[in-house]
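Trainee: Got a minute to go through this one with me? I'd like to start with the ligand and then look at the helices and strands.

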Amino acid sequence: MKAILLTAKNQPVQLIDASVPVAGPGEVLIKLEAASLNHRDVYIQQGLYPGIKLPAILGSDGAGVVAEVGEGVDVAWRGQAVVINPAMYWGPNPKFYGSDFRILGMPDNGTFAEYVAVDKTYIHHKPAHLSFEQAAAFPLAGLTAWRALMTRAALHTSGTPEKVLITGIGGGAALFALQFALAAGAEVWVTSGSDEKLVRAKELGATGGINYREPEWAKTLMDQTGGGRAGYFDVIIDSAGGPGFAKLIDVAASGGRIAFFGGTTGTITDIIPPKVFFKQLSIFGSTMGTETEFTDMLSFITDKQIVPVLDEILPLIEIEQAMQKMNTGKQFGKIVLKIIN
Ligand SMILES: NC(=O)c1ccc[n+]([C@@H]2O[C@H](COP(=O)([O-])OP(=O)(O)OC[C@H]3O[C@@H](n4cnc5c(N)ncnc54)[C@H](OP(=O)(O)O)[C@@H]3O)[C@@H](O)[C@H]2O)c1
């Protein structure tokens with residue numbers, strides 16, 4: 001089968017001919033139709049990810065058809081269209097994952113290939129309203145957004161709509177947070193380093209947005225929302241971290257909840273403690289999600305007929321171009337790889 005292998009850090013990925021994996025006991029073999037990229041793939045290639053073990057076939061997100069079932073798996077799965085939850089072996093405590101937790105696509109071989117074998121526990125029926133390309137777009141980023149927004153920040157999904165700010169809306173997980181929050185009835189504002197992406201976010205339903213490259217963006221945003229010095233947002237979802245995080249404290253309303261799952265811009269600095277404790281803010285770290293959260297997200301996507309935003313669909317062999325695009329951050333929506341068998 002054709003597969004994309006990363007053999008060493010800071011090297012281009014290679015298109016190789018690999019053996020088709022065998023579905024072991026409790027596993028299924030999936031003939032993949034589509035996969036999608038995450039920043040994780042780029043960080044692994046750049047050697048910026050913890051616990052890198054190579055060589056490995058990269059790719060956490062995939063959708064396809066069950067080609068074979070291993071011992072102990074119901075044969076009814078054969079021929080079913082499925083999507084894979086890449087957050088595997090979370091463990092018994094829903095509050096945090098245990099030592100067996102792993103994400104598909106390094107160290108285990110992932111979805112940038114014609115076939116992948118995975119534990120049956122982590123396959124789910126593909127939502128009928130989505131194409132394979134759309135279904136391959138949401139697993140990792142969607143799950144991350146879901147847990148941060150719905151579990152950690154506990155966005156209210158009924159009653160008075162909450163006010164939500166999502167930073168860096170060009171990010172894959174950020175965009176899912178926008179779609180989920182809007183579908184839950186929230187009033188959503190966004191930030192971006194691109195005015196064009198702010199326009200796109202408003203087209204999707206965001207109330208407003210601000211370019212974080214503007215030095216006084218937080219003040220301008222508070223002027224726009226009418227929040228002023230008191231702050232405005234009940235919930236803030238961030239993946240940038242860095243020095244800009246301190247401004248999130250300013251724009252949060254009293255009692256606000258901030259959930260973050262990334263540190264794209266580095267170390268968080270200059271948080272003034274009284275601003276956090278006088279406003280009674282809660283700050284939550286979040287990573288990926290449980291199997292239950294994945295199932296809940298899937299039901300929500302189906303109920304609300306959510307369709308992921310795709311930036312571009314490229315053939316698998318154009319993976320290096322796709323990785324470079326993700327690295328430059330030019331995309332709006334997920335970069336999807338079509339796997340042409
Ligand atoms: N812990 C987890 O489970 C988990 C899961 C997924 C992702 N992550 C992390 O979350 C981050 C985003 O991942 P991704 O896959 O969504 O990456 P991505 O699609 O490449 O998104 C990165 C985005 O970061 C935004 N950004 C850059 N500088 C910013 C700033 N100063 N302030 C606010 N936003 C800024 C940009 O938004 P604009 O283009 O709008 O400017 C950019 O599009 C990465 O650090 C990743 O490692 C963590």
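Trainee: Where does the ligand lie relative to domain 1 and domain 2?

Mentor: Keep in mind that this is a predicted model. Look at who supplies the shell around the ligand: domain 1 (2-137 + 308-338) gives residues, and domain 2 (143-285) gives residues as well. Since both contribute, the ligand lies between them.

Trainee: Okay, and which element gives the most to that shell?

Mentor: There are 30 residues around the ligand, with Gly168, Gly170, Gly171, Ser192 and Gly262 the closest. The elements giving two or more residues are α3 (139-152), α4 (172-183) and β12 (187-192). With three residues, the top contributor is α4.

Trainee: By class, how many residues of the shell are polar?

Mentor: Let's split the shell up. Nonpolar residues account for nine and charged ones for one. The polar count is 20.

Trainee: How are α3 and α9 oriented to each other?

Mentor: Their axes come within 10 Å and cross at roughly 95°. Angles of 65 to 115 degrees count as roughly perpendicular. So α3 and α9 are roughly perpendicular.

Trainee: Which residues of α9 does α3 meet?

Mentor: From α3, the residues involved are Gly142, Leu143, Trp146, Arg147 and Thr151. By class, this contact has four nonpolar, two polar and two charged residues. On the α9 side you find Glu293, Phe294 and Met297.

Trainee: Last one: which are the edge strands of the open sheet with β1 in it?

Mentor: The order is β2-β1-β4, with antiparallel pairing. An edge strand here pairs on one side only. That gives β2 (14-17) and β4 (56-57).

Key. Residues numbered from 1 in each chain as written. Predicted model: local features only at pLDDT ≥ 70, side-chain atom pairs only at ≥ 80, totals over all residues. Near = placed C-beta within 6 Å. Helix = DSSP H or I, 4+ residues; strand = E, 2+ residues; numbered from the N terminus. Nonpolar A, V, L, I, M, F, W, Y, C, P; charged D, E, K, R; others polar. Domains from an automatic or database assignment. Pairing = 2+ DSSP bridges. Axes fitted to C-alpha atoms, helices over the stretch in contact; angles between N-to-C directions. Parallel < 35°, antiparallel > 145°, perpendicular 65-115°, else oblique. Contact = placed C-beta atoms within 7 Å.
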